[in-house]
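Work through the exercises below with the sequence and the 3D view open. Try each task before you read its solution.

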Amino acid sequence: MTSILPSKVIFDTDPGVDDAMALYYALAHPAIDIVGITTTFGNVTVQQAATNGLYLTAIAGKTVPVTKGVATPWVKPGEAPPDFIHGGDGLGNLPSRVATSNQLDPRSSAQFIVDMARAHPGEITLVAVGPLGNLSLALKLEPQLPQLLKEVILMAGTITEPGNVSPVAEANVWNDPHAADHVFTAGWKLTMVGLDVTHRVIVPLALVKKVADKHQHVATDVLHHAVSFYADFYSGIYPHVAKIHGCFGHDVLAFIYLTNPELFGLESGRMRVAVDGLAQGQTMLQRKSIPYPQAGWGIGMPVTHACMQVDAPAACKVLEDTLMSSWLHA
Ligand code: BDR
Ligand code: CA
């Protein structure tokens, strides 16, 4: 009998409520082996992101290296984190935290990515769900990174769905547009899981409550508290989300794409990012195979795959089944 080894994954993240849900999905899923968590600024400061990465893994009883990465965008000035979406602590303002003792890996997130890619050439999938500064910096440290990583999956961007920080920009790309354009043009096997699909998947708070009720565990209690805060935010601005009282799936969809690519419909083409001006952070996909005379769209530009359709009920079912499994007590 042949057994399929789980994919080695580095999770680049800014936890963040939906980042926490994504992390727990990944830790729970038998086809995913999280070999490192590389944190970045975004939903919270990088210091808080690193603290949350350590905390979420420790309370789930998992030992995974966690690193601290870039604290600001590459070029544009940094901004205050959106505490009204994720809470000031990134986890919906937890009333208290249990004591834990996990320590940070001393390497920077970018150095960790490079070290792991060199140590396991062709084996590591990088799933990034925050601003893309760590990945961009890793590329600068190791220009061969696209050949060393197996593939890259991003929760980032949007093609036809309206943006969530401007009419055309998604938050992770908008937070560091120069890094995002660097990543989209680097030449790896790259799939973008953006708002075109993440806005189709509303995760009901009731699903997370069911998971917490089943496990009766601090990790799933923390997730339930965090998602409750996040669901209030989304329900406050989107009436169709309020009807379900839930939140968009965002980051966990990047992992669901990894485990269940059959649930997604893709388009492929060259992708660029508008780095400044009113369209800052816009992800532009070349959807027609015609030669464009404008600079920046030449045949040397690599192709990106963008998720454009998703089977939302099936994605929610995969999420529920995975979080309901016995991952916390194995
Ligand atoms: C993305 O931005 C962050 O707020 C979420 O964690 C997600 O990665 C959605 O636009
Ligand atoms: Ca995120």
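**Exercise 1.** How many Å separate an oxygen atom of ligand 1 from an N or O atom in the side chain of D19?

*Solution.* The model is predicted.
Step 1: Select the side-chain N and O atoms of D19 and find the ligand 1 oxygen; the distance is 3.0 Å.
Step 2: Move to D18. Here a side-chain N or O atom is 2.7 Å from an oxygen atom of ligand 1.
Step 3: Turn to the backbone. V129 places a backbone N or O atom 2.8 Å from an oxygen atom of ligand 1.
Step 4: Check the cover. Ligand 1 alone exposes 280 Å², and the protein buries 96% of that.

**Exercise 2.** List the residues around ligand 1 and sort them by class and by element.

*Solution.*
Step 1: With a cut-off of 4 Å between heavy atoms, the shell holds D18, D19, N43, H86, V129, M155, N164, E170, A171, N172, H250 and D251.
Step 2: Sort by class. Three are nonpolar, five are polar and four are charged.
Step 3: Place the ligand. Ligand 1 sits in the largest pocket.
Step 4: Assign elements. α1 (17-28) and α7 (171-175) are the elements that give two or more residues to the shell.

**Exercise 3.** Describe the largest pocket: its volume, its lining and the elements behind the lining.

*Solution.*
Step 1: Take the volume. The largest pocket holds about 660 Å³ of space.
Step 2: Count the lining. There are 38 residues, and P82, I85, V165, A171 and N175 lie nearest the pocket centre.
Step 3: Split the lining by class. The result is 22 nonpolar, 10 polar and six charged residues.
Step 4: Trace the elements. α3 (83-86), α7 and α11 (218-237) each supply at least two lining residues.
Step 5: Cross-check with Exercise 2. A171 is in the shell around ligand 1, and A171 is also among the residues nearest the pocket centre.

**Exercise 4.** How many cavities of 30 Å³ or more does a search of the whole structure find? Characterise the largest.

*Solution.*
Step 1: Run the search. One cavity passes the 30 Å³ limit.
Step 2: Take the volume. About 30 Å³ of space lies in the largest cavity.
Step 3: Name the lining. F11, T13, P15, D19, A20, L23, I37, G53 and L56 form it.
Step 4: Sort by class. Six are nonpolar, two are polar and one is charged.
Step 5: Trace the elements. β1 (7-13), α1 and α2 (46-59) each give at least two residues. The largest share, three residues, comes from α1.
Step 6: Link back to Exercise 1. D19 lines this cavity, and the D19 side chain also has an N or O atom 3.0 Å from a ligand 1 oxygen.

Note on methods:
Residues numbered from 1 in each chain as written. Chains lettered and ligands numbered in written order. Predicted model: local features only at pLDDT ≥ 70, side-chain atom pairs only at ≥ 80, totals over all residues. Heavy atoms only, no water. Polar contact = N/O pair within 3.5 Å; in protein donor to acceptor, adjacent residues only side chain to side chain. Areas by Shrake-Rupley, 256 points an atom, 1.4 Å probe, with all protein chains shown as cover. 1 Å grid on protein atoms, 1.4 Å probe; cavity = no way out; pocket = protein on both sides within 12 Å on 5 of 7 lines; lining within 4 Å. Sits in = over half its atoms within 2 Å of the grid points. Helix = DSSP H or I, 4+ residues; strand = E, 2+ residues; numbered from the N terminus. Nonpolar A, V, L, I, M, F, W, Y, C, P; charged D, E, K, R; others polar. Points joined across faces, edges and corners; volume = space filled by probe spheres on them.
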